[in-house]
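Ready for a few exercises at the bench-side screen? Have a look at the sequence and the structure, then work through the tasks with us.

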Amino acid sequence: MACGPATNPRVSLTVFSRYGGNHNRPDGNRRGSGSGMAGRFIGILGVWLALAACQSAVVEAPSRAQLSAEILRTDPPDGDAGTCWAADVSPAVIETVTEQTLVTPKIRDAAGNLVTSATFRSTTRQRIVQDRNKVWFRAPCPAELTVEFIATLQRALKARGLYREPLTGVLDPPTTEAIRRFQAERGLDSRQLSLAAARELGIISTELDAL
(Lines give C-alpha, C1' and ligand atoms only; values in the text may rest on other atoms or scores of the structure.)
Protein backbone atom coordinates (compact mmCIF):
# COMPACT_ATOMS: atom_id res chain seq x y z
CA MET A 1 0.00 0.00 0.00
CA ALA A 2 1.42 3.37 -1.04
CA CYS A 3 1.47 6.09 1.57
CA GLY A 4 0.01 9.45 0.56
CA PRO A 5 0.59 12.90 2.11
CA ALA A 6 0.66 13.04 5.88
CA THR A 7 -2.87 13.24 7.24
CA ASN A 8 -4.69 12.31 10.39
CA PRO A 9 -7.11 9.59 9.22
CA ARG A 10 -10.05 8.62 11.34
CA VAL A 11 -11.48 5.30 10.26
CA SER A 12 -14.81 4.24 11.67
CA LEU A 13 -14.91 0.56 12.61
CA THR A 14 -18.69 0.38 12.88
CA VAL A 15 -19.96 -2.67 10.92
CA PHE A 16 -23.61 -2.72 9.83
CA SER A 17 -25.34 -6.01 9.16
CA ARG A 18 -28.88 -6.33 7.88
CA TYR A 19 -29.07 -9.88 9.14
CA GLY A 20 -27.30 -10.04 12.48
CA GLY A 21 -26.65 -13.21 14.47
CA ASN A 22 -28.45 -16.31 13.07
CA HIS A 23 -31.73 -14.71 12.03
CA ASN A 24 -33.81 -16.11 9.20
CA ARG A 25 -33.20 -14.58 5.78
CA PRO A 26 -36.18 -13.61 3.62
CA ASP A 27 -35.68 -16.74 1.45
CA GLY A 28 -36.14 -18.98 4.46
CA ASN A 29 -32.54 -20.05 4.83
CA ARG A 30 -30.56 -19.50 7.94
CA ARG A 31 -27.15 -17.88 7.73
CA GLY A 32 -24.53 -17.35 10.40
CA SER A 33 -23.02 -13.88 9.79
CA GLY A 34 -20.48 -13.96 12.62
CA SER A 35 -17.54 -15.17 10.49
CA GLY A 36 -18.35 -12.73 7.68
CA MET A 37 -18.54 -9.81 10.07
CA ALA A 38 -15.25 -10.87 11.66
CA GLY A 39 -13.59 -10.98 8.25
CA ARG A 40 -14.82 -7.50 7.38
CA PHE A 41 -13.69 -6.19 10.75
CA ILE A 42 -10.19 -7.67 10.30
CA GLY A 43 -9.98 -6.15 6.82
CA ILE A 44 -10.95 -2.67 8.02
CA LEU A 45 -8.56 -2.98 10.94
CA GLY A 46 -5.76 -3.86 8.53
CA VAL A 47 -6.46 -0.76 6.44
CA TRP A 48 -6.47 1.41 9.55
CA LEU A 49 -3.12 -0.02 10.71
CA ALA A 50 -1.61 0.57 7.27
CA LEU A 51 -2.76 4.20 7.30
CA ALA A 52 -1.36 4.66 10.78
CA ALA A 53 1.99 3.31 9.60
CA CYS A 54 2.02 5.88 6.80
CA GLN A 55 1.98 8.69 9.33
CA SER A 56 5.42 7.72 10.65
CA ALA A 57 6.98 7.54 7.16
CA VAL A 58 8.44 11.02 6.76
CA VAL A 59 10.42 11.59 3.57
CA GLU A 60 12.95 14.39 3.85
CA ALA A 61 13.72 16.59 0.84
CA PRO A 62 17.24 16.12 -0.53
CA SER A 63 19.68 18.73 0.71
CA ARG A 64 21.21 21.23 -1.73
CA ALA A 65 24.90 20.73 -2.40
CA GLN A 66 27.25 23.53 -1.36
CA LEU A 67 29.61 23.74 -4.32
CA SER A 68 31.77 26.34 -2.58
CA ALA A 69 33.21 23.48 -0.53
CA GLU A 70 34.69 22.07 -3.76
CA ILE A 71 36.67 25.24 -4.58
CA LEU A 72 40.46 25.33 -4.32
CA ARG A 73 42.23 28.69 -4.35
CA THR A 74 45.62 27.11 -5.01
CA ASP A 75 46.78 24.88 -7.84
CA PRO A 76 45.21 21.40 -7.67
CA PRO A 77 47.35 18.43 -6.60
CA ASP A 78 49.29 16.56 -9.28
CA GLY A 79 49.24 12.86 -10.00
CA ASP A 80 45.56 12.24 -9.21
CA ALA A 81 44.78 9.87 -12.07
CA GLY A 82 41.24 9.98 -13.42
CA THR A 83 40.48 13.37 -11.87
CA CYS A 84 40.02 16.43 -14.06
CA TRP A 85 40.02 20.03 -12.90
CA ALA A 86 38.53 23.24 -14.30
CA ALA A 87 39.81 26.74 -13.60
CA ASP A 88 37.84 29.96 -13.49
CA VAL A 89 38.26 33.48 -12.18
CA SER A 90 35.94 34.53 -9.41
CA PRO A 91 34.69 38.11 -9.87
CA ALA A 92 35.80 40.87 -7.57
CA VAL A 93 33.35 41.91 -4.86
CA ILE A 94 32.90 45.68 -4.87
CA GLU A 95 30.98 47.58 -2.22
CA THR A 96 29.50 51.04 -2.72
CA VAL A 97 29.75 53.25 0.34
CA THR A 98 27.88 56.55 0.76
CA GLU A 99 29.06 58.94 3.46
CA GLN A 100 27.64 62.23 4.77
CA THR A 101 30.28 64.94 5.16
CA LEU A 102 29.56 68.03 7.31
CA VAL A 103 29.81 71.27 5.30
CA THR A 104 28.56 73.89 7.76
CA PRO A 105 27.63 73.27 11.38
CA LYS A 106 24.32 74.26 12.90
CA ILE A 107 24.08 77.67 14.53
CA ARG A 108 22.17 78.55 17.70
CA ASP A 109 21.50 81.92 19.31
CA ALA A 110 22.32 82.88 22.90
CA ALA A 111 19.04 81.34 24.11
CA GLY A 112 19.89 78.05 22.50
CA ASN A 113 17.36 78.31 19.70
CA LEU A 114 18.34 76.86 16.35
CA VAL A 115 19.10 79.58 13.84
CA THR A 116 20.62 77.63 10.96
CA SER A 117 20.58 73.90 10.44
CA ALA A 118 23.73 72.02 9.62
CA THR A 119 24.38 71.15 5.99
CA PHE A 120 25.95 67.97 4.70
CA ARG A 121 27.39 66.75 1.41
CA SER A 122 26.93 63.14 0.26
CA THR A 123 30.07 61.40 -0.93
CA THR A 124 29.86 58.06 -2.73
CA ARG A 125 32.85 55.82 -3.27
CA GLN A 126 33.54 52.22 -4.05
CA ARG A 127 35.91 49.86 -2.33
CA ILE A 128 37.00 46.34 -3.21
CA VAL A 129 35.96 43.83 -0.59
CA GLN A 130 37.48 40.84 -2.41
CA ASP A 131 39.86 40.86 -5.37
CA ARG A 132 39.45 38.70 -8.46
CA ASN A 133 41.21 35.41 -7.99
CA LYS A 134 41.65 32.13 -9.79
CA VAL A 135 39.79 29.13 -8.42
CA TRP A 136 39.92 25.43 -9.23
CA PHE A 137 37.24 22.74 -8.90
CA ARG A 138 36.79 19.17 -10.06
CA ALA A 139 34.95 18.81 -13.37
CA PRO A 140 33.87 16.07 -15.78
CA CYS A 141 36.79 15.08 -18.01
CA PRO A 142 36.73 16.30 -21.65
CA ALA A 143 36.18 12.74 -22.92
CA GLU A 144 32.87 12.64 -21.01
CA LEU A 145 31.49 15.79 -22.64
CA THR A 146 29.90 13.96 -25.54
CA VAL A 147 26.86 15.11 -27.52
CA GLU A 148 24.71 12.67 -25.54
CA PHE A 149 26.10 13.94 -22.22
CA ILE A 150 25.47 17.61 -23.11
CA ALA A 151 21.93 16.79 -24.30
CA THR A 152 21.28 15.02 -20.99
CA LEU A 153 22.67 18.05 -19.16
CA GLN A 154 20.37 20.36 -21.13
CA ARG A 155 17.39 18.14 -20.34
CA ALA A 156 18.20 18.22 -16.60
CA LEU A 157 18.55 22.01 -16.66
CA LYS A 158 15.34 22.36 -18.67
CA ALA A 159 13.47 20.29 -16.07
CA ARG A 160 14.54 22.88 -13.47
CA GLY A 161 13.41 25.83 -15.59
CA LEU A 162 16.97 27.06 -16.20
CA TYR A 163 17.32 26.14 -19.88
CA ARG A 164 14.57 27.02 -22.35
CA GLU A 165 16.19 26.23 -25.70
CA PRO A 166 15.94 23.03 -27.81
CA LEU A 167 18.18 20.09 -26.91
CA THR A 168 21.19 20.44 -29.19
CA GLY A 169 23.97 18.54 -27.45
CA VAL A 170 26.17 21.64 -27.88
CA LEU A 171 27.76 23.50 -24.99
CA ASP A 172 26.56 26.87 -26.29
CA PRO A 173 26.04 30.20 -24.40
CA PRO A 174 22.43 29.44 -23.31
CA THR A 175 23.62 26.13 -21.85
CA THR A 176 26.61 27.62 -20.03
CA GLU A 177 24.41 30.43 -18.67
CA ALA A 178 21.98 27.82 -17.32
CA ILE A 179 24.95 26.01 -15.74
CA ARG A 180 26.10 29.26 -14.14
CA ARG A 181 22.64 29.97 -12.69
CA PHE A 182 22.36 26.45 -11.27
CA GLN A 183 25.81 26.58 -9.68
CA ALA A 184 25.63 30.21 -8.46
CA GLU A 185 22.72 29.27 -6.18
CA ARG A 186 25.07 26.74 -4.61
CA GLY A 187 28.13 28.90 -4.12
CA LEU A 188 30.01 28.50 -7.43
CA ASP A 189 29.54 31.35 -9.91
CA SER A 190 31.00 29.70 -13.00
CA ARG A 191 29.82 28.76 -16.48
CA GLN A 192 31.95 25.62 -16.40
CA LEU A 193 30.21 22.51 -15.13
CA SER A 194 31.63 21.16 -11.89
CA LEU A 195 31.66 17.48 -11.03
CA ALA A 196 29.58 18.10 -7.90
CA ALA A 197 26.91 19.94 -9.91
CA ALA A 198 26.79 17.12 -12.48
CA ARG A 199 26.22 14.66 -9.66
CA GLU A 200 23.45 16.73 -8.12
CA LEU A 201 21.78 16.99 -11.53
CA GLY A 202 21.86 13.20 -11.67
CA ILE A 203 23.77 12.97 -14.96
CA ILE A 204 26.90 11.35 -13.57
CA SER A 205 27.45 8.55 -11.08
CA THR A 206 27.94 9.35 -7.40
CA GLU A 207 30.60 7.72 -5.30
CA LEU A 208 29.23 5.63 -2.43
CA ASP A 209 31.35 7.44 0.16
CA ALA A 210 29.76 10.75 -0.96
CA LEU A 211 26.24 9.61 -0.07
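The exercises below, each with a worked solution, concern a predicted model.

**Exercise 1. Find how many helices and strands the protein has, and the pattern they follow along the sequence.**

Start by counting: the protein contains 4 helices and 6 strands. Next, read along the sequence, and the pattern is α-β-β-β-β-β-β-α-α-α. Now turn to burial: of the 211 residues, 21% are buried. Finally, take the contacts between residues at least 6 apart in sequence; 55% of these join residues at least 24 apart.

**Exercise 2. Check the span of helix α3 and work out where its buried residues sit around the axis.**

Step one is the length. Helix α3 runs over residues 173–184, and its 12 residues should span 16 Å at 1.5 Å a residue. The end C-alpha atoms are 16 Å apart, so expectation and model agree.

Step two is to list the buried residues of α3: Thr175, Thr176, Ala178, Ile179, Phe182 and Gln183. These cover an arc of only 155 degrees around the axis, and therefore they lie on the same side of α3.

Step three asks what covers them. The cover includes α2 (147–159) and α4 (195–200).

One more detail belongs to this helix's Phe182: Arg186 lies over the face of the Phe182 ring, 3.8 Å from the ring centre. As for aromatic pairs, a search of the whole structure finds 0.

**Exercise 3. Repeat the check for α2, and say what its buried residues pack against.**

Begin with the length again: α2 has 13 residues and reaches 18 Å from its first C-alpha to its last, close to the 18 Å expected at 1.5 Å a residue. Then list what is buried in α2, namely Phe149, Ile150, Ala151, Leu153, Gln154, Ala156 and Leu157. These buried residues pack against α3. To finish, look just after α2, where Gly161 takes a positive phi of about 75 degrees.

**Exercise 4. Is Gln154 buried or exposed, and which residues does it contact beyond its sequence neighbours?**

First, locate Gln154: it is in helix α2. Second, apply the cut-off for burial, which is under 20% relative accessible area. Gln154 has a value of 0%, so it is buried. Third, set aside neighbours within four places in sequence; Gln154 is then in contact with Tyr163, Pro166, Leu167, Thr168, Gly169, Val170, Asp172 and Thr175.

Follow one of these partners, Asp172, which lies in the loop between α2 and α3. With the neighbours within four places left out, Asp172 is in contact with Gln154 and Tyr163. Asp172 and Ile150 are 22 residues apart along the chain, and their C-alpha atoms are separated by 9.9 Å.

**Exercise 5. Describe the largest nonpolar core: how many residues does it have, and which elements supply them?**

Count first: the largest nonpolar core has 25 residues. Those with the most contacts inside the core are Leu153, Leu157, Phe182, Leu193, Leu201 and Ile203. Then look at the suppliers: β6 (133–139), α2, α3 and α4 each give at least two residues. The largest share, 5 residues, comes from α2.

Last, pick Leu193 and list its contacts, leaving aside neighbours within four places in sequence. Leu193 is in contact with Phe137, Ala139, Pro140, Phe149, Leu153, Ile179, Gln183, Ala198 and Ile203.

Definitions and conventions:
Residues numbered from 1 in each chain as written. Predicted model: local features only at pLDDT ≥ 70, side-chain atom pairs only at ≥ 80, totals over all residues. Heavy atoms only, no water. Expected span 1.5 Å × (residues − 1). Buried < 20%, exposed > 50% of the residue type's maximum accessible area, 1.4 Å probe, protein only. Arc of directions from axis to C-beta. Contact = heavy atoms within 4.5 Å. Core = buried A, V, L, I, M, F, W, Y, C linked by side-chain atoms within 4.5 Å. Phe/Tyr/Trp six-rings, centres within 6.5 Å; stacked < 30°, edge-to-face > 60°. Lys NZ or Arg CZ within 6 Å of the ring centre and 35° of its normal.
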